[in-house]
Amino acid sequence: MADVKIEMKTAAYVCSGCGLGDKLDVGQLARIAQKEGKMALVRQHDFLCNSEGVQMIRDDIENEAVTHICIAACSRRAKTEAFNFPSVAMTRANLREGVIWVVAEGAAHDEVRQEMADDYVRMGCAELKKSRMPEGNPNHTQLKNLLVVGGGISGLTAAFEAAETGYEVILVEKQAQLGGWAGKLWKRAPYKTPYAEPQETGVAALAARVSAHPLITVHLNSTIAETAGAPGRFAVKLAQESGSITEVAVGAIVQATGFTTYDIAKLPELGGGLAHVVDQAGLEALAMAANGGVMKRADGREVKSVVFLQCAGQRDDSGQHLPYCSGHCCATSIKQAMYFKDANPDVNAVVVYDDLRVPGMGEDFYRSAQHKGVIFAKGKASSVTTESNGLKVNYKDLILDSGATIQADLVVLATGQVPSSGVDVILWDKLTKEADGGSIEAKQQKSELKSISILNLTYRQGPDVPKLKYGFADSHFICFPYETQRTGIYTAGPVRRPMDIMQATEDATGAALKAIQAAENASLGRAAHPRAGDLSYPIVRLEGCTQCKRCTVECPFGAIDEDERRFPVFNEQRCRRCGTCMGACPVRVISFENYSVDTVGNQIKAIEIPDEFSEKPRVLILACENDAYPALDMAGLSRIVYSAFVRIIPVRCLGSVNTIWITDALNSGYDGVMMMGCKKGDEYQCHFVKGSELAGYRMSKIGDTLTGMGLEPERVSSFEVAITDNAKVAGFINDYVAQLVEMGPSPMKGFG
Amino acid sequence: MSELNQKAVAKYENNFLREVEERVEDGEWVKMCMQCGVCAGSCPLGNAWEHSPQKLFRMIMAGKREEVLTSDAMWMCTSCYSCIVRCPRKLPITHIMHGLAHYSHRLELAPKGQPTRELARIFWQNLVKTGRVNELKFSLAVYFKDGFVQGIKNLLSMQGIALGLVKARRLNPMEIIGGHKCRDIGGIQKMLAKAREIEDRRQGFTS
């Protein structure tokens with residue numbers, strides 16, 4: 001922060017372009033900005049976002065020493081390139097998408113339209129006076145090197161790609177050699193045209209290039225004993241097998257710890273445990289031994305007939321085995337069937353599948369196997385038993401709807417990938433609570449759990465990155481791939497979701513770039529994804545803190561630790577600026593320079609509430625700026641009309657909504673509050689993982705407060721709005737306003 | 001069991017897929033079927049037959065020789081080509097159907113009295129005799145294929161149409177005596193015999 005306090009000078013700019021001048025009395029808006037908003041400088045312009053308008057603002061910043069500007073024009077999401085003034089604090093009053101495009105046409109609506117615009121100008125000015133220009137986290141970090149955990153194909157690729165970009169990499173591998181599972185393959189499924197033949201894995205060559213790279217240091221036989229710190233300043237202890245510890249400091253981490261195969265001993269009905277029944281990894285070992293010649297079993301007998309059983313212990317809905325599809329196994333079985341056919345075309349190779357799925361360019365590969373005479377039978381295997389010197393596979397043919405039997409010398413079970421993602425932090429949290437409560441058993445379980453930890457994070461929230469589904473370490477594999485719920489730590493490869501080599505390679509490259517970005521942003525005092533580049537950061541007034549721990553517990557990213565006196569310790573580099581801590585804090589001591597309890601609270605109080613006889617209810621909408629607010633903007637863009645009685649305030653995340661805003665709004669005479677956030681639960685779409693869930697939880701507790709105020713609990717309502725819900729959102733608004741009208745005006749009106 | 005069939009069984013043992021690949025027209029395509037069922041869903045006669053092309057192909061791969069070759073399914077194909085147009089794997093399904101029908105006919109496994117098969121047989125016999133199709137004799141042979149009584153019934157039911165054709169000079173009753181012929185019947189028959197010889201060799205019936 002700058003030491004010299006610069007005098008605050010405010011300015012408001014009212015635009016009359018895009019039809020604003022036709023639909024609104026912009027003169028009145030300017031007067032409101034001046035008189036009620038108390039803006040030192042108010043200017044009107046009929047085309048504010050053109051070069052002349054922008055130059056006018058620039059000149060004012062330059063010549064009039066303006067430090068705070070409110071632009072009353074279009075949505076804050078529009079014209080961001082024109083209205084880019086990094087040296088001042090800025091707010092935007094949304095008169096276009098938020099008013100003239102959504103209020104019904106015609107003179108009959110002139111009055112409510114103007115009232116809505118007036119209020120948005122009041123709100124813009126009110127927010128501005130509580131805002132400061134974000135100056136960036138002063139605790140800049142220095143480190144930009146990466147730690148890559150895991151030396152399989154994903155880890156090798158991440159390390160190599162990052163090093164080729166010019167960043168130093170430390171690669172840690174538990175085993176004595178690099179390569180991982182991919183290194184144990186005889187061939188890989190094709191990744192080049194014509195996608196017809198198995199190809200060399202190229203792992204040995206990649207491992208050699210990584211080992212020889214001047215920017216990469218490889219630690220074999222090593223695990224991670226401890227990870228502390230934050231992006232840009234991670235302190236990691238590497239434990240060698242010999243017991244010695246090496247301490248390293250890194251800027252960001254890529255976790256590419258891969259998977260283990262599902263244990264075929266758990267599949268006795270499919271022959272798991274019998275001789276000559278192997279999983280796909282076992283078959284690769286046989287292929288390695290055959291070295292391109294005829295395939296032989298472990299007992300040395302040549303294989304004349306082989307059966308592949310797909311989805312073995314996968315896509316299971318009985319709850320015994322893996323419920324998901326591992327994605328690569330169909331192509332892998334096709335490849336392995338070719339090992340047999342290529343060495344001896346007379347081998348009978350049958351693939352028993354339920355749904356054959358070959359993502360990528362796999363269809364060509366599938367066709368190639370059919371050309372080679374591999375037989376594909378749609379069916380479900382019921383049993384595999386030993387018979388004389390071979391095996392008997394019983395299955396139901398799903399096309400012919402009849403039982404069938406195949407004699408085989410060898411059976412291959414296509415089992416799934418089980419992620420090596422370490423400790424389940426939810427279980428960890430539970431055990432911690434029990435152990436703190438004195439349970440000796442929990443304490444013991446905890447230390448057992450700790451032994452499987454990969455990163456051994458010193459974070460308050462547990463030693464590994466949280467898991468999303470089925471034990472895979474991810475935060476949202478569609479919206480934010482590679483992002484874990486721990487800032488600066490990125491997962492790549494099958495630890496994140498099941499995948500094949502081609503996908504893992506792509507994944508590792510993406511994660512490496514993300515990790516570089518995180519380290520770079522930290523070094524500039526800026527936020528990482530999804531508010532990448534945001535210079536604001538949480539500022540806490542510790543004098544007021546009551547050590548309630550809500551912020552440390554609720555932070556979705558484990559950014560906040562506790563010191564010995566139980567005060568929160570903010571690790572700004574780990575923070576994603578969602579404001580969940582700000583929403584959680586009961587004493588409101590956490591704020592951002594341009595987003596705080598006051599910036600929003602001031603807007604809520606700035607609007608004019610008509611009296612109860614006016615038949616003009618007022619509804620506050622707190623809309624998540626990631627999904628709901630764009631949906632509302634889009635509704636405007638499509639000219640979808642909604643009630644002019646609502647006043648919308650974008651919030652960083654519903655998790656940042658402090659209940660004081662709700663009570664303030666209702667105390668000031670609003671008739672209702674709508675909270676619009678993202679989908680919560682297992683299939684969540686919240687950019688900050690659990691913001692909307694936390695908001696839902698907090699609001700479930702607000703009912704008592706409302707009853708205490710003599711208000712109906714329905715006056716506060718939550719809605720799940722996805723970014724594509726632009727047509728739906730107007731319906732939500734209109735229905736809710738109609739419901740409030742029926743309920744009658746808030747009894748709090750006139751007391752505010 | 002016909003001799004050809006016995007020989008085929010001996011030659012291919014249990015590998016029916018290979019037998020189809022080598023002996024049935026376009027049979028080498030069968031293994032490329034991916035069992036999507038689009039052919040079965042596209043066939044306008046789908047509900048009229050015992051096995052859809054998808055099922056037939058799966059049966060071939062599963063080695064169900066007897067069931068495939070005695071099926072009436074491939075005889076029901078009307079050559080509309082919907083399956084060929086829609087097959088995502090570009091299998092010439094219509095041609096394979098005809099190939100299978102032909103092969104089962106040669107092995108004398110095709111269902112006895114199957115109407116399509118009977119019609120084709122009568123047509124062929126009629127054609128080979130003189131080198132030209134004698135429509136009158138062909139129609140009569142078809143009417144009487146199920147016996148004398150049924151033949152008379154068929155005749156009576158068709159008499160209006162027959163008289164109309166005669167009136168319009170599209171049917172000559174005199175064709176019943178000999179009828180018009182090719183100039184060189186012996187030559188035509190020699191040609192057909194040669195064609196069969198080549199075809200038999202190609203399909204592996206003779207060496």
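Two strands count as paired if DSSP finds at least two bridges between them. With that in hand, let's walk through this predicted model, starting at a pair of strands late in chain A.

**The sheet around β28**

Strand β28 (residues 672-677) of chain A pairs with β29(A) in the parallel sense, over 5 bridges. A:G677 stands opposite A:E720 in β29(A). This pair belongs to an open sheet of 4 strands in chain A, ordered β27-β26-β28-β29, with parallel pairing. At its edges sit β27 (646-651) and β29 (716-720) of chain A, each of which pairs on one side only. From one strand to the next, the twist averages 20 degrees. A helix also joins the picture: α17 (residues 628-637) of chain A lies across β26 (619-624), β27 and β28 of chain A and runs at about 115 degrees to β26(A).

**The sheet around β1**

Toward the start of the numbering you will find an open sheet of 4 strands in chain A, with the order β2-β1-β3-β4 and parallel pairing. Here the edge strands are β2 (41-45) and β4 (89-94) of chain A, each pairing on one side only. Neighbouring strands of this sheet are turned by 15 degrees against each other on average, direction ignored. Strand β1 (residues 10-15) of chain A runs parallel to strand β3 (residues 68-73) of chain A, and 5 bridges join them. Within this pairing, A:T10 stands opposite A:H68 in β3(A). Helix α3 (residues 51-63) of chain A lies across β1, β2 and β3 of chain A, at about 165 degrees to β2(A).

**How chain A is divided**

The table gives the domains of chain A.

| Domain of chain A | Residues |
|---|---|
| domain 1 | 1-133 |
| domain 2 | 146-258 + 465-523 |
| domain 3 | 262-418 |
| domain 4 | 539-582 |
| domain 5 | 609-752 |

How far apart do the C-alpha centres of domain 4 and domain 5 of chain A lie? They are 27 Å apart. The contact takes 8 residues from domain 4 of chain A and 10 residues from domain 5 of chain A. On the domain 4 side, the residues that touch domain 5 of chain A divide into 3 nonpolar, 2 polar and 3 charged.

**Where chain A meets chain B**

Finally, the contact between the chains takes 9 residues from chain A and 9 residues from chain B. On the side of chain A that touches chain B, α10 (362-371) and β16 (375-387) of chain A each supply at least two residues. By class, this side of chain A has 4 nonpolar, 2 polar and 3 charged residues.

Definitions and conventions: Residues are numbered from 1 along each chain as its sequence is written. Chains are lettered from A and ligands numbered from 1 in the order in which they are written. This is a predicted model: local features need pLDDT of at least 70, side-chain atom pairs count only at pLDDT 80 or more; totals for chains, interfaces and linings use all residues. Two residues are in contact if their C-beta atoms, placed from the backbone, lie within 7 Å. Ala, Val, Leu, Ile, Met, Phe, Trp, Tyr, Cys and Pro count as nonpolar, Asp, Glu, Lys and Arg as charged, and the others, Gly among them, as polar. Domain bounds come from an automatic or database domain assignment. Axes are lines fitted to C-alpha atoms, for helices over the stretch in contact, and angles run from 0 to 180 degrees between N-to-C directions.
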